[in-house]
Amino acid sequence: MPQEIELKFALPGLTGEEALARLRRHPLLRRRAMQQVHLINRYLDTPDGWLRQQRCALRLRATQAVGSAAAQPPRWEQTLKTAGQGTGAWSARGEWTVALKGPRLQPQALLATPLGQQPQAAQRVLELQARYETRCLRTTWTLHLRGRAVIEVALDAGEVRAGHRRAPLLELELELLRGDAAALDEVAAALATTLPLLPARTSKAEQAQRLADGTWGAPVRAQGPTLPVGADPLTVARAALADALGQLCDNLAAAARSDDPELIHQARVGWRRWRSVLRLVRPWLTEPVPDTTALRALLQALGVLRDLDVAHGQTVPSWGEAFVEDAQQHPRRARALQRATRRLRHAAQQARAELRTQLSTPEVVAPLQALAAWLLRLTPATVPVEPGWAFERLRRWHARLKRQLRHGNASPAEAMAALHAARLLAKRLRYASEAAGHAMPAKAAERAQQWQRRARGWQERLGRWRDTVRAAELLQQLHADAELVGFLRGVAAAQHPLQPQG
């Protein structure tokens, strides 16, 4: 089967002109010939989304050279791609391409692919029509590397179109033309010294489809891997970690251009899922886990922004009415609440700007590609794997969580430490259970789902308390009204989930 192997990256914070200028100056490319063409990709499907249901994308592509050859008519080709298999930015997809004389579909060529084996394929092919398209300027370089690997570096800058809707398109693709796929990571690491290469898993066709159905730039939630019962740790790791990393990166890419607070929340959920699954499978990992120290600044920026978003959009508004009681009788309280809200909003705006600066900084984003490359290198463990490996790990975590919640006559400091540990453990238990649940036998999966529900309940309860505590801390840092700060601290004390018992 013809196969396309590539790495795809978003370039947050850059324009097409800036990205091109940086690539042209890069030592790997500055002495190599550069080619530019205009591309039009028209994506076809049936009105009911038959190809999408088959996890396929069909495009008609027009290619026209930039410069002296621009007067020549465009060259057209027809390409069918199947769903990608890979991790993070890396994917391998089936691909079938035929040349065309013009922008007209060749049904027989399409039916000669595996798609032709689908029920009623001949009839469904006749129903295909153009649904959306992308237009871009593609700049390419061809790298002939040592070890006989040949890689194409392609920068696409343009827009996605669906009806009257438009969205920007800017991405970098590294495609393996010949040789060892490991060379892709080497080239990516070299280019990441000057470009913010954020791993991307969404194809142009998927971006266009999301624009068409109104979900372009929307928060990306966990998909949850579909795994066979009895799956080994490596299978769980590859599927669950790939989805977690994709969730993190997809939401970061959208957050670079959108103020939607849910993007920040879902990006942090992706990172929590990554850490939880990593802990679940750690005993069976063959590759040393990459050092994520370089990610701390980015993760801290996400945490600060999320705290401000929650305080401004949820916690303070939810308790504001109770604090003011009656604006006519307590006008000072009403003004204090308004000032606090403005300060939180301004602080969130500053934090969001700082996050975007970090996302456009190459050394901040580079560790995410290192994680994707590490995930690709994972190989099966040499140590024996017991059939109930996932259930046993989750059972131990659930027992630890129960112990954390039996605090007895704990001091305030001890209770606070127990709360923090319980909250982290509840997250770990929840996300790991979600990842491995499908890989366990029915009875074990049912038990794990019970633990997952309990963990979710404790996570939400502890989270509400923590949000109130954090809102009070943020308002104090912003020099908000002392009475409002004290009121929120009183609310937090009443919410405390682990009050000492006599």
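Entry 1, the pair H7 and H11. I noted that H7 and H11 are roughly antiparallel to each other, in what is a predicted model. I then looked up the geometry behind this: the axes of helix H7 (residues 233-255) and helix H11 (residues 362-377) come within 11 Å and cross at roughly 160 degrees. Because angles over 145 degrees count as roughly antiparallel, the description of H7 and H11 as roughly antiparallel follows from their crossing angle of roughly 160 degrees. I also recorded that the crossing of H7 and H11 is left-handed.

Entry 2, the residues where they meet. On the H7 side I listed Ala237, Arg238, Leu241, Ala242, Leu245, Leu248, Cys249 and Leu252, and on the H11 side Leu368, Leu371, Ala372, Trp374, Leu375 and Leu376. Sorted by character, the residues of this contact of H7 with H11 comprise 13 nonpolar and one charged, with no polar residue among them.

Entry 3, the second largest pocket. I turned next to the second largest pocket, for which I noted a volume of about 790 Å³. Which elements give two or more residues to its lining? I found helix H8 (261-281), helix H9 (296-324), helix H13 (412-436) and helix H14 (442-477), and the largest share, seven residues, comes from H13.

Entry 4, the lining itself. The second largest pocket is lined by 24 residues, and those that lie nearest its centre are Arg268, His420, Arg423, Leu424 and Lys427. I wrote down the character of the lining of this pocket as 10 nonpolar, three polar and 11 charged residues.

Definitions and conventions
Residues numbered from 1 in each chain as written. Predicted model: local features only at pLDDT ≥ 70, side-chain atom pairs only at ≥ 80, totals over all residues. Heavy atoms only, no water. 1 Å grid on protein atoms, 1.4 Å probe; cavity = no way out; pocket = protein on both sides within 12 Å on 5 of 7 lines; lining within 4 Å. Points joined across faces, edges and corners; volume = space filled by probe spheres on them. Helix = DSSP H or I, 4+ residues; strand = E, 2+ residues; numbered from the N terminus. Nonpolar A, V, L, I, M, F, W, Y, C, P; charged D, E, K, R; others polar. Axes fitted to C-alpha atoms, helices over the stretch in contact; angles between N-to-C directions. Parallel < 35°, antiparallel > 145°, perpendicular 65-115°, else oblique. Left-handed = near helix turned anticlockwise from the far one by under 90°. Contact = heavy atoms within 4.5 Å.
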